[in-house]
Amino acid sequence: MGKKRRGPTLDELMARPWCYYCERDFDDLKILTLHQKAKHFKCERCGRRLNTAGGLSVHMSQVHKEQLTEIENALPNRSGLDVEIFGMEGVPDDVLQAHQQRVAAQFHQAEAERQAVTGNPPAGSGAGGQPNKKPKLEDFSDLKARLAAHRAKRAEAAAGGSSGEATPLGAGQTVSTPTTYGQPPATASPVHQQQPPVSLTYPPPYGGAAVPATAPYQHQAASPVYPSFSPPGAAPYAPSPVAAAPYAPAYSPQPYLQPAAPMGYGVTPPPFPQQHTPPTDTGLPPRPGSLPTLAGLPQRPAFAAPPINAQQMQQMHMGHPAPPAPAPGYSNGNATQTPGGVSSSVDDLISSAAKEAAAAEKPAKKDKAKNTRMIYSDENVSPEEKMAKLARYAFSRQMFQQETALGEIPGSIVVGTIRDQDKVIDPAH
Amino acid sequence: MSSNQFTVASPPTDAISALKFSPDPNSTRMVVSSWDKNVYLYDLRDENGAVGEGKLLQKFEHRAPVLDVCFGENENEIYTAGLDWDVRKIDLNTSEQTVMSSHEAGVRNVVYSREHNLIISGSWDSTLHVHRPDAGTNTQSIPSTIPLPSKPFSLSLTPTKLVVAMASRALHIYDLKALALLTAQADSDTADGNKVEIEPWQRRESSLKFMTRCVACMPDDAGYASSSIEGRVAVEWFDPSPESQARKYAFKCHRQTAEDGVDVVYPVNALAFHPIHGTFASGGGDGVVALWDGISKRRIRQYQKYPSSVAALGFSGNGKYLAIAISPGFEDGKDDVPEGVVKIIVKELGETEAKGKGAK
């Protein structure tokens, strides 16, 4: 077919080595180890690059008489010395899984975004047609209801015009044209067109402070989603405020997030606000307001799973909570949210695995230290002295005492001439 | 790849206690003392001057096992120390033996300082005897006795200093000049016997946690290396300044990992400095000889394992040969010296074989 390759497949992404300390990924393991030596295991005093954190610690204490307390340039919850990392070795299982989840999530997100922008089916899958088709199958009554809601909002917007705020923000985005709108809302439409792709790309940033303010026009915002999603031909339903369905593809990564999602509820750690609320209630309502923050948002925290998992990891695996610990909140979330059951069981699995790993590590280290055997271990008597006590080397000075007094030399002894009294004593003597 | 090596013909019949080359740069003479009560004199060259198998020139019978031997003023004179408590001088030409002094226990070491013309012996009676070479023949000359806090296990000399490694990890460094002066005084003043209380120039505790096995001084008079029964070697400097003392270090060696993962630690029986390059060789109970660069802290090379423990090592005066004495070692849990092959192996070193690699 001569289809253009669109980039790495999920498997390729998963296989990429990455750095435990800063989550960066690399083309191959060698570069990763070089990165770790240069960024995380470099002695700040003399610039020497060590292979591992343990090595650096020993170097610092022996050469500079200093104590290494944390790894440089590491993420806040990864700067501990307790984990011995070399390349990809030593990464705790739970962290590894969290990373893979995140990679998968990002991959699917990017995929969804691309679909949204290009209208192409997902790479290499027949099911790709679904996102476009699904809206058509939507319940007619549903559509009507939403249309009504949309109209109401529009009326509201026309009166209050809260959407004006959003307009400039979306200006930079490029999306499919709004020409297909049935009843383009004069003021709101430009804004809305831009939102959909954005919202798809970065579901997490939504929510937060802006929610209340933007509530009135949420539905409007949602409606333009359609144009962006669908090929131009899909125009007919575009104006409808029904937004839930088209989003479905965007949330395909959801399964991956499942364990993490509940944690986001209730109390969210500051850096990772409520990412996952949207999916549960058709995804739309809470979104619009936070647009401005989009640009500045780092990609990685897009899903809450890793940080929280790492947190847990820290608690379970290292025995103390990480500094910004949202631990209590997170447990609350577990208790109050229905999906909590799932997540807690996953947590249990993770933590028990972590404990096992920790338990396995400790004895191994002890073994290393103790297993030495000395061939000669007498601290006070030298081997020669011991040998001298053997019967065959026995020698009694008394026998020769008189004879060998100073000045009285037992004469020159030439090879072969052995005098009787020079021989080993007679025990009977 | 491996250097030229040969086994010396007619080796001693029992374990070797010491092996010394003549310090004369042109000489290939070597003396070996053994538990078979003999001292052996070898020359690596045969009658035609070609270095071959080595030749046994003479052997000198003693009354008891001989524990140490060294060359004296010239290569026709050697001193021996043994289990019969005596320190002897042997004239190689006439085979005449002279008792220099008698200790009150076996004499473990004897060394000769050419610069100060002193013979120093260390005995398990925890004393050093300092003799002048005419002692023994001259009844007026009585050796001076220097009491030590513990049994001396190893002695080593530089042109100016004497290092005594003792039990209890003690280590004394004496200034030879002071030693020579004091013994000369004690000689003239024979009234109160021959006991000399002399304060060592430095008292140190070994940097190693276990019993000191051997000590050897650097040929440049800057410091010394010591080894312990626990597979470790320490390198230290004489200079008492903090900068120099900060340079001292120790390292592990002569260890093997057994199949069950246990680290087997062998004693380091012998150390010898190369007279020209200033590098040193270590020989362990594992039968391994390794060459080290003490300045750049690197191993230069390690030779193939020998079938039995390395009892003694010696470099020839010109640094061209390294003699290795192989003897069954006396180990834990053995009541008897195991039967083993006693061998003297001489390695002819390549031009740069024992040369340091230079700093990193």
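Gly119(A) follows helix H4 of chain A and has a positive phi, near 75°, in what is a predicted model. The helix that precedes this glycine, H4(A), covers residues 93–118 and has 26 residues. From its first C-alpha to its last, H4(A) reaches 37 Å, which is close to the 38 Å expected at 1.5 Å a residue.

H4(A) belongs to a chain with 20 helices and one strand. Of the 429 residues in chain A, 37% are buried. Among the contacts in chain A with a separation of 6 or more, 72% are between residues that lie 24 or more positions apart. For residues 41–69 of chain A, UniProt lists "domain: C2H2-type", in an unreviewed entry. In the model, that stretch is 38% helix and 0% strand, and its end C-alpha atoms are 12 Å apart.

Chain B offers a sheet to follow next. Four of its strands form an open sheet in the order S2-S3-S4-S5, with antiparallel pairing. Its edges are strand S2 (16–21) and strand S5 (51–61) of chain B, each of which pairs on one side only. From one strand to the next, the twist averages 20°. In general, the strands of a sheet pair through backbone hydrogen bonds, in either a parallel or an antiparallel manner. At the S2 edge of this sheet, S2(B) runs antiparallel to strand S3 (residues 29–34) of chain B, and five bridges join the two. Within S3(B), the residue that stands opposite Phe21(B) is Met30(B).

The nonpolar cores come next. In soluble globular proteins, nonpolar side chains tend to be buried together. The largest nonpolar core in this model has 108 residues, and those with the most contacts inside it are Ala216(B), Ala323(B) and Ala325(B). Strand S29 (residues 321–326) of chain B supplies the largest share of this core, namely six residues. When its neighbours within four places in sequence are left aside, Ala325(B) is in contact with Ile16(B), Leu19(B), Val32(B), Val310(B), Ala311(B), Ala312(B) and Ile344(B). Two of these partners, Ile16(B) and Leu19(B), fall within the edge strand S2 (16–21) of chain B, while Val32(B) falls within strand S3 (residues 29–34) of chain B.

Apart from this core lies another, of 14 residues, which includes Leu32(A), Leu68(A), Val83(A) and Ala98(A). Of these, Leu68(A) falls within residues 41–69 of chain A, the stretch for which UniProt lists the domain. Ala98(A), in turn, falls within helix H4 (residues 93–118) of chain A, the helix that Gly119(A) follows.

Notes
Residues are numbered from 1 along each chain as its sequence is written. Chains are lettered from A and ligands numbered from 1 in the order in which they are written. This is a predicted model: local features need pLDDT of at least 70, side-chain atom pairs count only at pLDDT 80 or more; totals for chains, interfaces and linings use all residues. A residue is buried if 20 or more other C-beta atoms lie within 10 Å of its own, exposed if 12 or fewer, and partly exposed in between; C-beta atoms are placed from the backbone. Two residues are in contact if their C-beta atoms, placed from the backbone, lie within 7 Å. UniProt positions are given in the numbering used here, feature names are shortened, and annotations may be inferred rather than shown by experiment. Two strands pair if DSSP finds at least two bridges between them. Axes are lines fitted to C-alpha atoms, for helices over the stretch in contact, and angles run from 0 to 180 degrees between N-to-C directions. A nonpolar core is a set of buried Ala, Val, Leu, Ile, Met, Phe, Trp, Tyr and Cys residues joined through C-beta atoms within 7 Å. The expected span of a helix is 1.5 Å times one less than its number of residues.
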